[in-house]
Amino acid sequence: MDGNGRWASAHGLVRLAGHRAGARTVERVVDWCRDACIGYLTIYAFSTENWSRSKAEVSGLMKLMGLMLREKSGAFLKSNVRLRVVGRRSDLPLSLQRQIASVEEKTAACDGMQLLIAVSYGGRAEIAEAARRYACDVRDGRADASAPPDDDAFRRYLYAPDVPDPDLIIRTSGEFRLSNFLLWQSAYAEFWTTPVLWPDFAKADFDAALEAYATRDRRMGGRRA
Ligand code: IPE
Ligand code: MG
């Protein structure tokens, strides 16, 4: 969800105001996805690289995430949305970690849409962490190094192995890069980009993305029928 900062400067506002506006877009997008019967939505909220931003912006973003969780947890429960967080959560402030754990626990039995928030998330970090966990399993006798894992077995070491690969990745603000997002899982994802800045992302843009997706011929490396 890129473009919050540019949206803020275009409106003569501080960057954090852009993030606040972006948070409102998240609320709307969750509703649109539920209405469209989309099973899983992953929102890229904060990358492992975003820690290099100013202290004020980082702490503002952490506070905003806490506020969102507090405000929305009741609504998630009511609309049967299960919330999960993927990323290096031990990097996060303790209070936010606790809050995340509590919303995850509260919504654990919700079997409507799953909303995944990627926080302190990096695709490389996820894969490297998976490799480390596999190495620990070998060391501790839980895995047999003479039969190393294939793709499906390795996937079990990722943050949310039960979540299917994304069918569609929407990228806002005119960028054409993956920026370390779901590197493993995006192998055959369809890409859709728009110059629209995330706070301005509207239902018409969402519909356009789904319409474009519906016209894609997904061969997954196979041959055209
Ligand atoms: C939001 O947009 C991404 C987050 C880290 C929350 P940006 O903050 O990257 O916005 P731009 O790229 O400066 O416009
Ligand atoms: Mg950006």
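Three strands form an open sheet in this predicted model, with the order β1-β3-β2 and parallel pairing. Follow the sheet to its edges and you meet β1 (40–47) and β2 (82–86). Each of these has a single partner strand, so one side of each is left without a neighbour in the sheet. From one strand to the next, the twist averages 20°.

Let's look at how β1 and β3 hold together. Strands of a sheet pair through backbone hydrogen bonds, either parallel or antiparallel. Here β1 and strand β3 (residues 114–121) take the parallel sense, with seven bridges between them. If you would like a place to rest your eye, find Y44, which stands opposite A118 in β3. Helix α3 packs on this sheet and touches β1, β2 and β3. The direction of α3 makes about 155° with that of β1.

From α3 we can step across to another helix. Two packed helices are described by the angle between their axes and the distance between the axes. For helix α2 (residues 15–35) and helix α3 (residues 55–78), the angle is about 30° and the axes lie 10 Å apart. Because of that angle, α2 is roughly parallel to α3. The crossing of α2 past α3 is right-handed. On the α2 side, the contact is made by R15, L16, H19, R20, A23, R24, V26 and E27. Facing them from α3 are E57, G60, L61, L64, M68, E71 and K72. Sorted by class, this contact has six nonpolar, two polar and seven charged residues.

Now for another pair of strands, further along the chain. Strand β4 (residues 168–171) and strand β5 (residues 190–193) run parallel, joined by four bridges. One pairing to look for is I170 with its bridge partner W192 in β5. In a regular strand the side chains alternate between the two faces of the sheet. In β5, E190 and W192 belong to the covered face, while F191 and T193 belong to the uncovered one.

Finally, turn to R6, which sits in helix α1 (residues 4–10). Is R6 buried, partly exposed or exposed? Its relative accessibility is 37%, so R6 counts as partly exposed. Leaving aside neighbours within four places in sequence, R6 is in contact with S173, E175 and L197. Take S173 as an example: R6 and S173 are 167 residues apart along the chain, and their C-alpha atoms are separated by 8.6 Å.

How values were computed. Residues are numbered from 1 along each chain as its sequence is written. Chains are lettered from A and ligands numbered from 1 in the order in which they are written. This is a predicted model: local features need pLDDT of at least 70, side-chain atom pairs count only at pLDDT 80 or more; totals for chains, interfaces and linings use all residues. Side-chain values use heavy atoms; hydrogens and water are left out. Axes are lines fitted to C-alpha atoms, for helices over the stretch in contact, and angles run from 0 to 180 degrees between N-to-C directions. Helices (H or I, at least four residues) and strands (E, at least two) are DSSP runs, numbered from the N terminus. Angles under 35 degrees count as roughly parallel, over 145 as roughly antiparallel, 65 to 115 as roughly perpendicular and the rest as oblique. A crossing is left-handed if the near helix is turned anticlockwise from the far one by less than a right angle, and right-handed if clockwise. Contact means heavy atoms within 4.5 Å. Ala, Val, Leu, Ile, Met, Phe, Trp, Tyr, Cys and Pro count as nonpolar, Asp, Glu, Lys and Arg as charged, and the others, Gly among them, as polar. Buried means under 20% relative accessible area, exposed over 50%, partly exposed in between (1.4 Å probe, protein chains only). Two strands pair if DSSP finds at least two bridges between them.
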